[in-house]
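Biologist: I should be grateful for a close look at a single part of this structure. Please take one residue as the starting point and work outwards to the elements around it.

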Amino acid sequence: GAPRSRDRLRRSRLYLPGNQPKLMLSAGLYSADGLILDLEDSVPPAEKDAARLLVRNALVALDFGASERTVRVNQGELGLLDLEAIAPHNVHMVLLPKVEGPERVTEVAAWLRSLTGAGDAPFLMPILESPRGIFRASGIATADPLVVALTLGLEDLSAELGAPRSAAGDESFLARQTVVYAARAASVQPIASVYSDVQDEAGLAAYVRRERALGFDGVGCIHPRQIPVVHREMTPSPAEVERAVKVVRAARDAEARGLGVVAVGSK
């Protein structure tokens with residue numbers, strides 16, 4: 001019964017393999033902004049059909065608390081079968097992998113509306129994981145009103161580039177900036193890729209700060225221990241909050257006095 005919401009916090013999204021129901025049972029306790037029941041990369045080909053049934057049953061039977069209920073489906077015709085199984089069961093959002101053009105978004109959006117009705121279709125978050133997808137980011141972000149966020153998959157993108165993923169992220173800088181610009185231009189949320197070293201909390205914290213500084217609103221998580229770090233680093237500091245309040249107060253005061261310019265501190 002948890003409601004969908006177009007505009008909500010999406011700081012963290014936790015991936016849960018769709019073929020491992022034991023990991024889904026307590027997932028609502030982790031306080032992730034979103035939970036992703038994954039039918040794609042984390043599920044071996046021989047287990048795709050079984051995982052689809054397990055994820056459908058999890059959506060029907062489990063309480064995921066306040067977390068956004070998301071499913072990452074497969075590509076192509078297999079993905080359409082995934083959507084047919086899970087769409088009627090209060091999925092808040094569908095994660096679309098390896099999107100390379102707006103036509104894929106349009107196709108999935110139309111299929112979802114046919115399965116659920118226009119007013120109940122899940123939202124969409126396309127994942128850009130190839131150079132072709134990155135260079136068509138703007139069209140993908142604006143392909144359909146169901147799109148509420150845009151993200152990228154740096155592991156697959158790095159492989160296609162032939163440039164191993166580095167700590168500094170120089171090899172993906174253009175791609176990450178492109179996703180942020182395309183998302184902001186389309187008024188949807190830009191969401192960063194996962195940080196794949198679950199043991200390195202300091203590295204994760206530095207990664208989240210860097211992605212937030214680029215304009216991203218959230219980060220993917222592959223382990224529950226990453227969630228508190230992501231939330232901490234995505235939350236404005238007390239000093240940032242205090243300054244924001246001062247700016248708003250000063251702007252309101254200036255408006256009341258008919259001023260077009262106001263100083264806060266030295267700015």
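Modeller: Let us begin with Val 105. Setting aside the residues within four places of it in sequence, Val 105 is in contact with Leu 96, Val 99, Leu 124, Pro 126, Ile 140, Ala 143, Asp 144 and Val 147. The model is a predicted one. One of these contacts, Pro 126, is 21 residues from Val 105 in sequence, yet the two C-alpha atoms are 7.5 Å apart in space.

Is Val 105 buried or exposed? Its relative accessibility is 0%, and Val 105 therefore counts as buried, the limit being under 20%.

Val 105 belongs to helix α4. This helix, made of residues 102-116, packs on the sheet and touches both β4 and β5, the latter being residues 123-128. The direction of α4 makes about 155° with that of β5.

The sheet itself should now be described. Eight strands form a closed barrel in the order β1-β2-β3-β4-β5-β6-β7-β8, and their pairing is parallel. On average, neighbouring strands of this sheet are turned by 25° against each other, if direction is ignored. As a general point, strands of a sheet pair through backbone hydrogen bonds, which may be parallel or antiparallel in arrangement.

Strand β4, one of the two strands touched by α4, deserves particular attention. Strand β3 (residues 68-72) pairs with β4 (residues 93-96) in the parallel sense over three bridges. Within this pairing, Val 94 of β4 is the bridge partner of Val 71, and Leu 95 of β4 is the bridge partner of Arg 72.

Which residues of β4 lie on each of its two faces? Met 93 and Leu 95 are on one side, while Val 94 and Leu 96 are on the other. In a regular strand, side chains alternate between the two faces of the sheet. In β4 both faces are covered, and these four residues are all buried. Leu 96 has already appeared among the contacts of Val 105.

The nonpolar residues may be considered next. The largest nonpolar core has 62 residues, and those that touch the most other members are Leu 37, Val 71, Val 94, Leu 124, Leu 128, Leu 150 and Leu 152. The bridge partners Val 71 and Val 94 are thus met again in this list, as is Leu 124, a contact of Val 105. Leu 128, not counting residues up to four places away in sequence, touches Val 99, Gly 133, Ile 134, Ala 137, Ile 140, Leu 150, Thr 151, Leu 152, Gly 153 and Val 179. Val 99 and Ile 140 are contacts of Leu 128 and also of Val 105. Apart from the largest core lies another, of eleven residues, including Phe 123, Met 125, Ile 127 and Val 148.

A second helix that lies on the barrel strands offers a further example. Helix α10 (residues 226-234) lies across β1 (12-17) and β8 (218-221), and runs at about 170° to β8. His 231 is found in α10, and with a relative accessible area of 13% His 231 is buried. Leaving aside neighbours within four places in sequence, His 231 is in contact with Arg 11, Ser 12, Ser 31, Ala 32 and Asp 33.

How values were computed:
Residues are numbered from 1 along each chain as its sequence is written. This is a predicted model: local features need pLDDT of at least 70, side-chain atom pairs count only at pLDDT 80 or more; totals for chains, interfaces and linings use all residues. Side-chain values use heavy atoms; hydrogens and water are left out. Two strands pair if DSSP finds at least two bridges between them. Axes are lines fitted to C-alpha atoms, for helices over the stretch in contact, and angles run from 0 to 180 degrees between N-to-C directions. Contact means heavy atoms within 4.5 Å. A nonpolar core is a set of buried Ala, Val, Leu, Ile, Met, Phe, Trp, Tyr and Cys residues joined through side-chain atoms within 4.5 Å. Buried means under 20% relative accessible area, exposed over 50%, partly exposed in between (1.4 Å probe, protein chains only).
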